Amino acid sequence: MLATVVLVLAVAGWVGALGCAAGHDRAAAAAAHVQRRFPAQAAEVLGSSALDAPSVTDGGFALGAAGPAGRGRRLQAELPRDGGGWVRLSGPGGFEVRVRETGASGPGAVVDGAVIYGRAGGASFWRATAGGVEEWLTVEPGAAPAGAPVAVWAVDGAALRQRGEAVEVVDAAGIPRLRVTAPRAFAEGGRPVAVRLEARGAEIALLAEAAGELLLVDPLWRPVGAPAERRLAGHTATRLGGDDGRVLVAGGRGGDRNLASAELYDPADDSWAPAQPMSGPRHGHAALLLDSGRVLVVGGSDDSGTLASAELYDPAEDRWTPARPMSTARKGLTATRLDSGLILVVGGWNEETLVASAELYDPREDTWTTAAPMSDGRYDHTATLLGNGRVLVTGGTDGWNALAEALASAELYDPAENSWTPAQRMSTWRQRHAATLLDDGRVLVTGGAEVPWGDEEEGEFASAEIYDPVSGSWALTAPTRVGRYQHTATLLVDGRVLVTGGSPSTVVGGAERSWYLADAEIYDVTAGSWSDAPAMAVGRSDHTATLLPGGGVLVTGGNQDGDTDAEVYDLSGASPWSKAAPMMHSRYSHTATLLADGRVLAAGGHGAHVATASAEIFSPADGTWTAAEAMLDAHDEHTATLLDGGRVLVAGGYGADDVCLASAEIFDPMTRSWTAAEPMSTARTEHTATLLDDGRVLVAGGYETVGDRYLRLTSAEIFDPMTRSWTAAEPMSTERSGHTATLLDDGRVLVAGGPANASAEIFDPMTRSWTAAEPMSTARAEHTATLLDDGRVLVAGGYGNVRGYLASAEIFDPTTRSWTAAEPMSTARAGHTATLLDDGRVLVAGSASYAGLGDASAEVYDRATDSWSPAETMYSERSFHTATLLRNGKVLVTGGSGASGVLARAELYSPVLPSAPCGADADCAGDS
């Protein structure tokens with residue numbers, strides 16, 4: 001279960017016109033009160049007994065079950081008999097939350113179209129609307145002190161996030177599923193009053209800028225961003241014409257079946273509604289908006305084979321009608337609207353045959369005619385209408401098996417002559433690439449794969465080039481920052497190009513892996529360069545991306561875990577993440593140490609191919625990195641500990657030859673140089689190092705390499721900075737690596753976990769001995785352990801007994817030496833970071849993925865409410881990175897393993913305080 005979130009309402013007792021009446025009499029009195037004091041709003045508050053009326057159920061009341069005519073599913077509510085009970089809200093895609101209004105009490109009753117409850121300081125009126133579920137509130141004078149919230153709910157089963165004037169209710173993936181607004185409020189007589197909703201961490205407050213007045217407020221709960229169908233690949237998304245602005249999503253692959261379903265996304269209220277299904281399932285088809293406003297869907301494949309059929313969707317009637325079929329069945333085709341209004345369909349695959357043919361569809365006559373064929377059959381190609389009316393077709397593949405090869409060829413179709421002519425070849429072979437018509441009439445081609453089945457070079461995936469119709473030539477431009485194929489490339493309203501998702505170029509063991517990228521980047525046509533954009537909520541490949549009327553981009557399907565979801569990518573939206581200057585060297589499994597002067601030392605780690613000795617320093621004052629002297633030895637998976645005098649002890653890890661090290665060295669920030677310390681008695685990596693209260697350093701566990709064997713260790717030893725020497729400590733009770741070690745407030749050290757290990761034990765520096773603590777509820781390694789400001793320890797994530805990643809969390813209490821379950825994270829994680837923020841919350845960021853790439857998601861734990869809330873996405877997917885709390889309260893995240901391999905990228909998280917909404921970029925964005 002996700003966190004319980006409380007929307008706080010500080011109010012006084014039930015007073016005023018409702019008196020002590022019960023049941024229906026009390027509800028009737030409340031209705032009469034509204035009619036008398038707010039006559040202009042009364043009809044809307046009470047609704048109609050004939051339209052959208054509540055129904056009485058065994059448990060209480062139901063709202064919104066039928067849905068508005070012609071628009072399909074919406075938010076539904078199950079209301080309790082008594083106002084103090086839970087309201088269950090059910091939205092599209094199976095999403096559910098429970099809501100309980102603080103201060104509501106007594107039996108509910110139906111008056112006209114509303115269910116009415118008494119509540120402390122007023123009454124509440126629940127009713128269904130076309131946009132969702134509405135709860136009007138009356139607030140009597142004096143019900144809340146000046147400056148205090150004025151009205152109240154608890155939400156169970158989701159997290160909350162501020163979004164401008166609204167509060168979003170988000171699911172486990174951080175995707176908004178409901179939006180709560182208070183769009184209108186009135187003082188007696190109908191005078192408008194300013195109100196706002198605030199998400200305060202695990203609390204939300206409804207505040208009104210009025211004092212001593214009777215108020216009528218209009219909170220509205222409505223569904224957002226929740227398509228009903230799972231679409232993994234091969235679907236289409238078509239923006240409807242004119243002022244409509246909706247997007248028709250149709251067909252595709254859903255799990256183990258092809259889909260006939262269709263649904264409509266409405267950006268006006270960020271909602272989804274089912275459309276009538278197509279006549280049959282389709283996957284790998286084409287869809288195109290016609291001049292008439294209808295949508296042509298053509299070709300693809302169903303469960304029995306490749307299709308020649310076509311059909312037309314009429315948005316005005318929500319109806320599909322058959323169109324004449326093509327002469328040739330094909331999937332993986334392209335469909336391009338010509339200036340004449342005809343539709344050119346080109347290429348594709350027909351069972352065992354590569355298709356070179358082309359045909360023209362006339363929407364006015366509903367007829368197909370044969371067009372001149374291309375010179376090459378091709379599949380997974382692109383087709384782009386140029387400003388001169390011709391169509392540029394590029395790349396693709398020449399087959400459907402392991403012998404198939406990608407094409408570098410391009411050709412031009414001239415509608416006036418019904419002929420094809422060769423165009424200059426691209427610089428490299430491409431299939432599953434993207435082609436985007438730029439505002440200046442040129443065509444940007446990005447990414448793609450050289451061959452369909454792997455073994456590609458990264459540079460060929462990342463390369464980009466531009467076709468100039470005037471000169472008829474190609475010119476290379478800057479490569480994308482991440483190589484990818486099956487991605488999208490969308491022209492934004494400002495002329496830049498947003499590239500999202502896809503599959504990366506990394507090849508493991510000579511075989512292509514089914515990885516999915518969340519990374520995004522933007523091409524600046526004027527500068528001819530790429531820059532990072534915030535990552536999507538989930539990785540996607542073979543998805544769709546559609547530019548919306550407001551400038552956002554709707555991204556649907558193709559996500560890695562198969563969940564039903566979509567997201568709107570809004571580059572103008574606020575984010576707590578901002579880019580920082582990249583490090584001078586790429587690295588992961590490195591260390592980042594906050595120095596006494598506020599700078600950060602990044603040292604060692606795994607570089608491009610081997611462990612590195614390089615080190616560098618980040619200055620928060622000017623946001624720059626400068627080189628430090630390299631370490632004496634390369635260290636990877638080592639530890640780095642800030643000593644009391646301001647120097648840094650680095651110990652152990654892997655060396656450049658992949659052998660565990662016993663060596664240790666000390667960095668002096670004053671001289672920016674390293675000196676050797678006495679080596680440890682045992683070579684070790686994946687160990688822990690903890691600064692004790694007396695200034696010494698406890699190193700425990702890890703493993704050592706003996707030949708080709710890896711031996712996990714029980715041994716521990718202590719480094720004394722005064723003598724620069726090591727002495728043995730009592731060994732732990734069990735061997736451990738990938739464990740955690742946390743200095744407790746009383747000076748002892750809690751050690752927990754390791755592979756297939758749930759045990760915990762405590763080291764006492766006074767006695768130099770270990771004692772057993774209660775074991776954790778779950779075995780875990782590569783987890784995090786964070787000392788909370790109340791002295792307890794939060795342990796989160798890691799991998800379990802079968803190396804499955806964990807979302808679970810638990811808290812150790814040193815006073816009782818016991819563990820209690822904490823609310824689980826929204827995402828299973830290992831190889832992540834956990835950072836205690838200045839306000840006592842904990843930021844968790846990133847994770848290794850099952851495919852070996854990182855995760856861009858982040859979330860924040862609030863111990864006061866035992867709840868997690870989304871913290872947006874980082875700019876880069878990453879794992880085995882570092883996260884360092886700076887003196888200004890921001891968190892510096894560096895390096896890690898990501899979509900493009902080993903990262904040099906860095907970014908900053910600026911904590912959003914519970915009382916500070918993100919209304920604009922400046923509210924949440926950091927700076928370097």
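**Exercise 1. State what share of the chain's contacts between residues at least 6 apart in sequence joins residues at least 24 apart, and set this beside the overall make-up of the chain.**

Solution. In this predicted model, 53% of the contacts between residues at least 6 apart in sequence join residues at least 24 apart. The next step is the secondary structure, which comes to four helices and 89 strands. Turning to burial, for which the cut-off is a relative accessible area under 20%, one finds that buried residues make up 59% of the 928 residues in the chain. The accessible surface, finally, comes to about 33600 Å², and carbon and sulfur atoms account for 51% of that area.

**Exercise 2. Work out the strand order of the open sheet that contains β82 and β83, and identify its edge strands.**

Solution. The sheet has four strands in the order β81-β82-β83-β84, and their pairing is antiparallel. At the edges stand β81 (833–836) and β84 (867–878); each has a single partner strand, so one side of each is left without a neighbour in the sheet. From one strand to the next, the twist averages 20°. Within this sheet, the antiparallel pair formed by β82 (residues 842–845) and β83 (residues 855–862) is held over four bridges, and in that pairing A845 of the chain stands opposite A858 in β83. As general background, strands of a sheet pair through backbone hydrogen bonds, in either the parallel or the antiparallel sense.

**Exercise 3. Decide whether D862 is buried or exposed, and describe its surroundings.**

Solution. The residue is first placed in the fold: D862 belongs to strand β83. Its relative accessible area is 15%, and because the cut-off for burial is under 20%, D862 counts as buried. The side chain of D862 reaches the backbone nitrogen of A864 at a distance of 2.9 Å. A further step along the chain leads to R841, which is 21 residues away from D862 in sequence, while the C-alpha atoms of the two are separated by 4.9 Å.

**Exercise 4. Analyse the open sheet that contains β58, and find which residue stands opposite A580.**

Solution. Four strands make up this open sheet, in the order β58-β89-β86-β85 and with antiparallel pairing. Its edge strands are β58 (577–580) and β85 (882–885), each of which pairs on one side only, and the twist averages 25° from one strand to the next. Strand β58 is joined to β89 (residues 906–909) by four bridges, the two running antiparallel; A580 stands opposite A906 in β89.

**Exercise 5. Locate H590, establish its burial, and list residues that it contacts.**

Solution. H590 is found in the loop between β58 and β59 (591–594), and with a relative accessible area of 7% it is buried. Its side chain and that of T894 are joined by a polar contact of 3.0 Å. Once its neighbours within four places in sequence are left aside, the residues in contact with H590 include M583, A603, H638, F880, H881 and T882, and also T894, G895 and G896.

**Exercise 6. Determine where G539 lies and how far apart G539 and D855 are in sequence and in space.**

Solution. The loop between β54 (529–533) and β55 (544–547) holds G539, which counts as buried at 2% relative accessibility. G539 and D855 are 316 residues apart in sequence, whereas their C-alpha atoms are 8.4 Å apart in space.

Note on methods: Residues numbered from 1 in each chain as written. Predicted model: local features only at pLDDT ≥ 70, side-chain atom pairs only at ≥ 80, totals over all residues. Heavy atoms only, no water. Pairing = 2+ DSSP bridges. Axes fitted to C-alpha atoms, helices over the stretch in contact; angles between N-to-C directions. Buried < 20%, exposed > 50% of the residue type's maximum accessible area, 1.4 Å probe, protein only. Polar contact = N/O pair within 3.5 Å; in protein donor to acceptor, adjacent residues only side chain to side chain. Contact = heavy atoms within 4.5 Å. Areas by Shrake-Rupley, 256 points an atom, 1.4 Å probe, with all protein chains shown as cover.
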